[in-house]
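Q: Please take a close look at one part of this model. Pick a spot in the backbone and walk me through its surroundings.

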Amino acid sequence: MKASLPRTLVDFMAQALAMEREAVARYTEFADTMEVHNNQEVAALFRTMAHYESKHVEQILAQMGWASDPPPPEDGFGWPDLEGPETVPIDEVHYLMQPWHALQLALAAEQRAEAFFGRLAQMATSEPVRLAALEMQDEEREHVELVRAWLKKVPEPDKDWANDPDPPHYTD
Amino acid sequence: MNDVSAPLAVLTAANYKSGTKPVWCPGCGDFTVLGAITKALASLQLPPHEVAVVSGIGCSSRIPAYTTCYGFHGVHGRALAAGTGLKVARPDLTVLVTGGDGDGYSIGGNHFMHACRRNVDLTYIVMDNHVYGMTKGQASPTTEPDWDNKLSPGGTGIRSFHPLVIALAAGASFVARAFSGDPNSTAEIIAKGIRHPGFAFIEILSPCVTFRPEQRDWKNHVHAAAVDTTDDAARAARRIMTDDGFNIGVLYAGQRKAYAAPRSPAIRTVGELAAEFEL
């Protein structure tokens with residue numbers, strides 16, 4: 001799927017809003033899942049990520065004076081990949097994952113978002129869209145640095161982190 | 001008196017998700033299928049109380065509990081029988097039947113064929129991961145014959161079931177394939193299936209990251225169907241038989257009229273009903 005090019009500031013902000021919404025939903029889903037599997041530390045981390053992304057949602061709504069989300073374009077937002085750039089793919093989590101893994105996923109998501117807005121800024125055909133994309137790119141760059149700083153405070157997992165003494169697999 | 005209508009509340013995907021948290025393994029494709037179902041229902045603005053989600057047994061069959069729609073978590077393999085009965089009795093409801101490949105193609109295989117043949121207006125969503133996940137990883141009807149594991153050393157050696165072609169041959173009037181890793185296009189396909197008048201069969205490739213971790217690679221293989229939807233069953237069958245199994249989209253949408261139950265006679269008295277059963 002090719003990234004669609006928003007022509008107006010409203011289109012651009014609607015796309016940014018949808019991207020943040022998707023990220024909130026996915027982080028919340030991950031937090032719920034990790035709670036169910038009693039991985040409380042990672043659940044709390046995903047919950048925090050969802051909280052940060054929801055702040056961006058509120059920020060965009062306030063900035064645009066929107067009471068609710070604008071309807072999506074009929075042909076979708078045209079993300080460069082299968083989902084929005086800031087959405088962590090569903091299959092990249094593991095029930096034994098540790099905060100370091102979760103932060104790696106968040107880092108990759110922020111980097112994708114930064115690159116996405118950078119591309120939009122380069123391709124923009126309207127000055128307001130270009131400026132808004134540059135602003136978003138700067139914000140995402142800040143987030144990348146924040147996650148990197150966070151990662152430094154978290155221990156790297158052992159090589160056998162995924163070893164489960166009571167695995168789900170049939171083992172005779 | 002002026003007609004002052006309150007604005008209708010817009011339903012979002014969140015309105016269709018219940019407070020019950022899924023117990024699926026982290027990473028399971030069924031999470032995004034649930035998300036796609038809720039997005040599809042929101043796109044159609046169907047009130048949750050006008051939708052029924054019916055399932056059988058298995059990991060994916062837990063879905064009814066995770067929605068705010070009416071739900072029926074039924075007997076293994078019998079989801080289509082229950083769903084068909086419900087739709088015939090209550091044609092005003094939107095009926096979604098959900099389940100996995102084992103439930104739908106093995107235990108419920110015969111119901112699957114006859115549901116296609118009857119062409120009742122419902123949507124059948126199968127989350128296919130080519131394995132029995134809930135019972136710890138046995139080969140299912142869609143498992144590759146050479147899938148080697150401890151329960152079937154060297155593989156079963158048995159040819160895989162081809163659900164899309166079977167559905168076409170049996171008379172399904174809508175046949176589609178989707179991928180759980182692409183929830184937005186999956187939601188569009190589900191919405192099309194719901195709108196289609198007749199039996200809509202949607203096979204969703206939904207990786208089992210616990211027992212088939214290699215299925216994570218599916219995202220590198222799926223691709224949008226390069227041709228438009230056809231209403232020619234023979235053409236669709238040729239395409240499906242020769243594709244690579246990762247062709248995503250609505251592959252067939254036929255014109256066959258959906259089954260309509262004969263109108264019930266007016267409600268009768270208990271005495272009249274009892275008279276019918278008198279020996």
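**A buried loop residue and its chain**

A: His130(B) is buried, because 24 C-beta atoms lie within 10 Å of its own (buried means 20 or more other C-beta atoms within 10 Å, exposed 12 or fewer, partly exposed in between, with C-beta atoms placed from the backbone). The model is predicted: local features need pLDDT of at least 70, side-chain atom pairs count only at pLDDT 80 or more, and totals for chains, interfaces and linings use all residues. Residues are numbered from 1 along each chain as its sequence is written, while chains are lettered from A and ligands numbered from 1 in the order in which they are written.

His130(B) sits in the loop between β4 (123–128) and β5 (131–132) of chain B. Helices (H or I, at least four residues) and strands (E, at least two) are DSSP runs, numbered from the N terminus. The phi of His130(B) is positive, about 60 degrees, although the residue is not a glycine. Most residues other than glycine have a negative phi.

Gln45(B) also has a positive phi, near 55 degrees. Its loop runs between α1 (30–44) and β1 (51–55) of chain B. Gln45(B) counts as exposed, because it has 12 C-beta neighbours inside 10 Å.

Now a helix residue. Pro163(B) belongs to helix α5 (residues 163–170) of chain B. Pro163(B) is buried, with 24 other C-beta atoms within 10 Å. Leaving aside neighbours within four places in sequence, Pro163(B) contacts Tyr105(B), Val126(B), Thr142(B) and Glu203(B) (contact means C-beta atoms, placed from the backbone, within 7 Å). Pro141(B) is 22 residues from Pro163(B) in sequence and 9.3 Å away in space, C-alpha to C-alpha.

How values were computed
Contact = placed C-beta atoms within 7 Å.
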